[in-house]
Structures are given as C-alpha cells and as structure tokens.
Amino acid sequence: MGEYALMIVGAALVSNVVLTRFLGLCPFMGVTSRTDTALGLGFATTFVITFSAMANWAVESFLLQPYGLAYLRTATFILVIAASVQFIEMAVRRTSPALFQMLGIYLPLITTNCAVLGVVLLLVEGRMGFVDSAVFAFASALGYSLVLLIFAGLRERLAVADVPALFAGPPIGLFTAALLALAFMGFSGMTTH
Amino acid sequence: MQSSAPAPAGTIEGVARVVRVSGDVAWLEPEQTTSCGSCAAAATCGSKGLATVAARLERRRFAIANSTGLAAGDRVVVNVGERALLGAALLAYALPLMTMLAAAMLAHAFKPGDVIAMGAAALGLLAGLGVTRVVGRRLEARGRLAPRFVRRSAAPSDCDAR
C-alpha cells in the first residue's frame, strides 16, 4: 500500500502531466475559466486516462509485444484511446441517457488528447503490471485534474483583478501557468516514480 | 460552449441550437463537442473521436419545454445548477472508475495475477455502471438532470473564446 501511495505522489505531484511533462495543454488553457467545469472535466479525464491505460496495457501485453508489433504502438494506442472514449460514451448513454445528454452539453469527453497518449506511452517505458499501470495512470490523471482545478481557481481570481490591458486574457494565464509550474518544481526529488 | 455573458451564481450556462420543434417540445443540440471548448466553429478540430461531429451532436440531442415560441435554427442559452453538473460528472465518471480500480486492487491483493485483476476491473466497472444507472434514474425522475431555458442567444462569431 505504501508503494502505491508513493506512486500516486510521484505521478500526481512530482512528475505532473501538465506542469512537468507539458502534456494536455489545450484543455488546460481552454476549460479552466471556471472551477466547476474544470472539476467536472477532471472527473471525465481521469476516467478516460485510467480506462485507456488499462485497455492499452492489455493490447501491449497480449498483442503488440508477443507478436513483435511494437512499431505499430503509437498508431494502435491512438486507435484504442479513441475506441475507449467511444465505449465510455456508449456506456454512459446506455446507463443513463439523461445523464449523458446533460454532460454532453457542458463536459464533452477528451478524445485524442496528448496527455492520454503520453500517460500510456509512459506506462510502456515503465514495464509495469496491470494494477500498477492502472494506479499510475489514475495518479497521473489525478495530478492533471488537480492542476486544472488550481489553475481554474487562479483564473477566476484573475478575471476580477486589475490586470494591465497588454497582459489581459491568455498572456496573464500563461504567466500564471509558468508560476504554477515553478511551484510544482518544489516537489521534485520527493520520489523516484 | 459557455455564453460570453456571466452565468447567474450557482449555475452553468451552455449554448444549444434548436433543431426541431414538435408541439410544446423543442429539441436542441449542444453547439460544440471539442475537449478544449474554446471554439464554436472548430469543425476540423482533431479531438472529435471516431464519430462525425453530426453523429455526436445527434446523440446529445435533448428536449426542453417550448413555452417561448422557439423555432428551428434558434440559438438559445440553457443552464443547469453547478452542483447538479458536478454530481452528474461524479456519478457518470468518478463512481465507475473507483469501483473498477477498487475491484482490480482487491483482486490483486487476494490473488496476484494480471488476468484476474483485469477480470475484476471489468466486473467492478459493470457494478459501478449499475449503480450509476439506478441513481441516474432517480435524479432524472426528480428533474435534476434537465437543462432549463434561459434566453435566446445571438449568432456566434467564428471563434467564441471562453
């Protein structure tokens, strides 16, 4: 259990997907104007990243590695991620159509986001087992969601702050992201995961 | 996706287009489906997934009571409560994920093995989706998942920044 805790801290804070690996920057800038939508998207992204990682682990372990098809890895992973998202959408739609419709208006699912692919490729490098891969992907997604939420909170405050016209909007958002990345550098060296 | 005007406290607004009116009911489609949500006209965006934009929008079609004389082609602003949206996201995504992970970890703790853990994860996912189904139906019966009409919206510019 202690090993999982270390892995979660390492993947979520020390090697944060957005602020350390610079993956998934499009939603990071695009959907972080409000904390509630950022949190909702965080839930959705966490599900997509973890589920895709599990599906891709199975494809890698039972298909790509045994049959020497590693050269097809990236294309296969993208296809599996897109299929996973379709599966999740279909499952939610079948489970509760009203829930699906409501979420479809406000929280469209991430599909070929590079953060999803990045986490899956990191798992291949790590050569972990199924459960370790799932926990690592979950922790990475948790870190991604945490940063989305923190950044959304900061942007809500910036929206009412007296920012010089030259820096208003995306420029001050990027400065804030840089400062946030510097703050997360404080976690570096805590774990080796 | 959200309108440029600030939403009332405690609610989240979104823009949808009326595609059909039948009697007292108007059928609407949400205006965009990209993950970044920053561009209402992003028909060529790479984050569409396997289905076409039209197919995805059609699946997300929803109905509201047409008490204000809406016609096909109208753009309208609809809203839901913040808590309702967060609850829906928690129910649809977080709950099945947690049951899936918990089942995989439990199975791995009792009997180590990747295939067993995968089977347990699949069962956990099904269990989570089952709970989502039951709770989702209750919320739907209480009207907690239905978007409400707020106002008509102006025509979009090429790129509606959030």
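**Exercise 1. State what share of chain B counts as buried, then lay out its fold.**

Solution. In this predicted model, chain B has 162 residues, and 38% of them count as buried. Next, list the elements. Chain B holds three helices and five strands. Read from the N terminus, their order is β-β-α-β-β-α-α-β. Then turn to the contacts in chain B with a separation of 6 or more: residues 24 or more positions apart make up 70% of them.

**Exercise 2. Find which residues touch the most other members of the largest nonpolar core.**

Solution. The core has 91 residues. Val119(A), Ala134(A), Ala88(B) and Ala104(B) touch the most other members. Now ask which element gives the most to this core. That is helix H7 of chain A, residues 130-159, with 15 residues. Finally, take Ala88(B) and set aside its neighbours within four places in sequence. Its contacts are then Leu99(A), Met102(A) and Leu103(A), plus Leu145(B).

**Exercise 3. Describe how H7(A) and H2(B) cross.**

Solution. Two packed helices are described by the angle and the distance between their axes. Start with the distance: the axes of H7(A) and H2(B), the latter spanning residues 82-110, come within 10 Å. The angle follows: they cross at roughly 145°. The crossing of H7(A) past H2(B) is left-handed.

Now name the residues that meet. H7(A) brings Val131(A), Ala134(A) and Phe138(A). H2(B) brings Leu101(B), Ala104(B), Met105(B) and His108(B). Last, sort the residues of this contact by type: six are nonpolar, one is polar and none is charged.

Note on methods: Residues are numbered from 1 along each chain as its sequence is written. Chains are lettered from A and ligands numbered from 1 in the order in which they are written. This is a predicted model: local features need pLDDT of at least 70, side-chain atom pairs count only at pLDDT 80 or more; totals for chains, interfaces and linings use all residues. Helices (H or I, at least four residues) and strands (E, at least two) are DSSP runs, numbered from the N terminus. A residue is buried if 20 or more other C-beta atoms lie within 10 Å of its own, exposed if 12 or fewer, and partly exposed in between; C-beta atoms are placed from the backbone. Two residues are in contact if their C-beta atoms, placed from the backbone, lie within 7 Å. A nonpolar core is a set of buried Ala, Val, Leu, Ile, Met, Phe, Trp, Tyr and Cys residues joined through C-beta atoms within 7 Å. Axes are lines fitted to C-alpha atoms, for helices over the stretch in contact, and angles run from 0 to 180 degrees between N-to-C directions. A crossing is left-handed if the near helix is turned anticlockwise from the far one by less than a right angle, and right-handed if clockwise. Ala, Val, Leu, Ile, Met, Phe, Trp, Tyr, Cys and Pro count as nonpolar, Asp, Glu, Lys and Arg as charged, and the others, Gly among them, as polar.
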